[in-house]
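Biologist: I've just opened this one and don't know where to look. Could you walk me through a few features?

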Amino acid sequence: MSNMGNNMEHNTAKKRRAIELGKDLLILLLCCSALLLAIRGQLFSSAPRLFGGQDSRQTGTAEPAVGVQADAACPLRLAVNLTGANGETARLGLQDDAACQALFQQLAAPLAEALSAADAPEQISRQQWEQALSAAPGVVLDFQSPMPLPVLVHWLAGEDAGLTAQTRRLALYVQGDGLALCWRDESSGGYFRTRAQGVNTRALSDALSGLAPNGAQFAFENPDCDRLDPDTLLLPQTASMPVYAVSDPMGDGRDSLETLMGYLNISADASSFYFAGSEQVARSESDSLRLSQSGFATYEAGEARSGRFPVPVRGDQITLADAVDACRRLAAATVGFHCGQARLYLSGVTQQEDGLEVCFDYSLSGAPVQLSSVHAARFWVSQGQIVKFELSFRSYAKQEGTAALLPTRQAAAALAVEHPGHELLLVYRDTGGDTASADWAAAGTSSQEEG
């Protein structure tokens, strides 16, 4: 009996230990599951889903991460004016993306302060404009395409400074106890200056200190280039530029279209699919989304205007800056997410009878990319929403090799003969092949014209 009792007690203890071990294993499995879900959530949170369900239709696009808007304002080229040892102006010209972005991070704060504190602009002469382009210490920002000042102020400072012009080049320099801003209004062709008195000039001076000139010039400073657009920035000798491999990141098949629909929060389950020639088409309610085999996508809202892509409203009105920024976020979450080593920049804002047209393009190594499909992203905004857009999906990867270029002086001389009065410009041409190389092109002063 005693042995039987001991055996029963021993078996009971074993059962208890087994139960406790099972509990421990269950807790361990639950912890592992929670960890896996957390990791999965972090992975999928980085996907570019811009519009997040029903709430997004009420409030618009999600807020960008800190610094994203300032990055969008970064120019493609910078001309830094420094005071040389003999008191004359010496210049550093920059076009490389990394170098421009690194310097612009330091320039963003004094530029935002000057724009926010600017007084009423006054019109100036061409001679005064050239003086502003050479003023030291100072910097000239070249956005490549007309930049609306309300958008620039919004991206840098998140406010409205009351400046309305569109300008490609903006000169910022120290003047007296404040900062001065000069620009050419691309709509009227006139030159303007505004001052921000009493602001801290040290931030600008500190950002430019320690930089060394590299001999960059504006065409108006060089008598040999008097047949070029006088504001052409002539960078030091450019012997070669990187070659980029080009691919379509979307690929073929319905999965690509459904992936794009996921980014845009268009339900695949509530959509119908069919082919129209070489295009895949998805219809959701009265809206249509098309994707070609070459990675070109188009969206068009139906007559019912579902309001799928609204522009955020401040108070009781939609501002130009908010409309452009809504387009920028959509571009960044689609073509910008897949563009590899390229960068998106604002390349055009046009007021139309029934709304606004907003365009973005790719740049490589600081040079604009010319696409056969015209733009990387093109949007139409009307009645408080994005009603149509076109997206050219391209992905760029820098190769080890470089492409030789005609020396700057020879290219300028050839351009002056064939296209007098035009700007000499480095561009990348993407004609749909598997590589893109840099070349010289001629550009008009107010609109791009390929040479």
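Modeller: Sure, we'll take helices, then a loop, then some backbone angles. Keep in mind that this is a predicted model.

Biologist: Let's start with one helix. Which residues of helix α5 are buried?

Modeller: The general idea is that an α-helix has 3.6 residues a turn, so residues three or four places apart point the same way. In helix α5, which runs over residues 126-133, the buried ones are Trp-129, Ala-132 and Leu-133. They sit on the same side of α5, because they cover an arc of only 100° around the axis.

Biologist: And how do I read a pair of helices?

Modeller: Two packed helices are described by the angle between their axes and the distance between the axes. Here, take helix α6 (residues 149-157) and helix α9 (residues 320-333): their axes come within 8 Å and cross at roughly 70°. That angle makes α6 roughly perpendicular to α9. The crossing of α6 past α9 is right-handed.

Biologist: Which residues make the contact between α6 and α9?

Modeller: From α6 you have Pro-150, Val-151, His-154 and Trp-155, and from α9 there are Leu-320, Ala-321, Asp-322, Val-324, Asp-325 and Arg-328. Sorted by class, the contact of α6 with α9 has six nonpolar, three charged and one polar residue.

Biologist: Now a loop. Is Ala-270 buried or exposed?

Modeller: Over 50% relative accessible area is called exposed. Ala-270 has 54% relative accessibility, so it counts as exposed. You'll find Ala-270 in the loop between α8 (254-263) and β11 (271-276).

Biologist: What is Ala-270 in contact with, leaving aside neighbours within four places in sequence?

Modeller: Arg-283 and Ser-284. You can also compare Ala-270 with Ala-282: they are twelve residues apart in sequence, and their C-alpha atoms are 9.8 Å apart in space.

Biologist: Next, the backbone. Where is the cis peptide bond?

Modeller: Look at the bond from Ala-136 to Pro-137, where omega is near -5°. Pro-137 belongs to the loop between α5 and β4 (138-148).

Biologist: What about phi of Gln-144 and of Glu-285?

Modeller: Both are positive, in residues other than glycine. For Gln-144, phi is near 75°, and for Glu-285 phi is near 55°.

Biologist: Where do those two residues lie?

Modeller: Gln-144 is in strand β4, and with 4% relative accessibility Gln-144 counts as buried. Glu-285 is in the loop between β12 (279-284) and β13 (287-291). At 58% relative accessibility, Glu-285 counts as exposed.

Note on methods:
Residues are numbered from 1 along each chain as its sequence is written. This is a predicted model: local features need pLDDT of at least 70, side-chain atom pairs count only at pLDDT 80 or more; totals for chains, interfaces and linings use all residues. Side-chain values use heavy atoms; hydrogens and water are left out. Buried means under 20% relative accessible area, exposed over 50%, partly exposed in between (1.4 Å probe, protein chains only). Helices (H or I, at least four residues) and strands (E, at least two) are DSSP runs, numbered from the N terminus. The arc is that of the directions from the helix axis to the C-beta atoms. Axes are lines fitted to C-alpha atoms, for helices over the stretch in contact, and angles run from 0 to 180 degrees between N-to-C directions. Angles under 35 degrees count as roughly parallel, over 145 as roughly antiparallel, 65 to 115 as roughly perpendicular and the rest as oblique. A crossing is left-handed if the near helix is turned anticlockwise from the far one by less than a right angle, and right-handed if clockwise. Contact means heavy atoms within 4.5 Å. Ala, Val, Leu, Ile, Met, Phe, Trp, Tyr, Cys and Pro count as nonpolar, Asp, Glu, Lys and Arg as charged, and the others, Gly among them, as polar.
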